[in-house]
Amino acid sequence: MGCWPFAGGQYWGDQDDAASSRHGTRALDAGINFFDTAEGYEAGHSERVLGRGLLGRRAEAIIATKVSPNHLRPDEVIHRVRRQPA
């Protein structure tokens with residue numbers, strides 16, 4: 001499931017974060033377990049919204065996230081995927 005719209009912003013406009021988070025939960029309920037996001041989607045907002053939707057069910061999900069080109073050093077990749085929500 002593509003999660004870029006969760007970010008809202010200039011491409012997707014205003015979004016209801018709570019509704020977007022529920023989409024993550026509902027996707028799992030429907031058997032969808034692969035989520036695509038990126039740190040570049042409104043500075044990681046999409047990832048944070050998805051994370052709230054997967055609380056308590058993270059082990060059921062596979063998350064593919066893209067890392068910005070200026071964060072491709074191995075230590076930067078590790079830092080970016082471990083970063084705590086803002």
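The following exercises, with worked solutions, concern burial, surface and salt bridges in this structure.

The structure is a predicted model, in which local features need pLDDT of at least 70, side-chain atom pairs count only at pLDDT 80 or more, and totals for chains, interfaces and linings use all residues. Residues are numbered from 1 along each chain as its sequence is written, and side-chain values use heavy atoms, with hydrogens and water left out.

**Exercise 1. Determine which residues of helix α3 are buried and what they pack against.**

Step 1. Helices (H or I, at least four residues) and strands (E, at least two) are DSSP runs, numbered from the N terminus. Helix α3 spans residues 45–53.

Step 2. Buried means under 20% relative accessible area, exposed over 50%, and partly exposed in between (1.4 Å probe, protein chains only). In α3, S46, V49, L50 and G53 are buried. These residues lie on the same side of α3, because they cover an arc of only 100° around the axis; the arc is that of the directions from the helix axis to the C-beta atoms. An α-helix has 3.6 residues a turn, so residues three or four places apart point the same way.

Step 3. The buried residues of α3 pack against α2 (17–29), β1 (34–38) and β2 (62–66), where contact means heavy atoms within 4.5 Å.

**Exercise 2. Establish whether S20 is buried or exposed, and list what S20 touches.**

Step 1. S20 is found in helix α2.

Step 2. S20 counts as buried because its relative accessibility is 5%.

Step 3. Not counting residues up to four places away in sequence, S20 touches F6, Q15 and V49. Of these contacts, V49 is also one of the buried residues of α3.

**Exercise 3. Trace the salt bridges that involve R57.**

Step 1. A salt bridge is a side-chain nitrogen of Lys or Arg within 4 Å of a carboxyl oxygen of Asp or Glu. By this rule the count comes to five salt bridges.

Step 2. D29 and R57 meet through their side chains in a salt bridge (2.7 Å, N to O). This pair links distant parts of the chain, with D29 in helix α2 and R57 in the loop between α3 and β2, 28 residues apart. D29 counts as exposed, since its relative accessibility is 55%.

Step 3. R57 also forms a salt bridge with E60, with the closest N and O atoms 3.0 Å apart. At 39% relative accessibility, E60 counts as partly exposed. Salt bridges that share partners join D29, R57 and E60 into one network.
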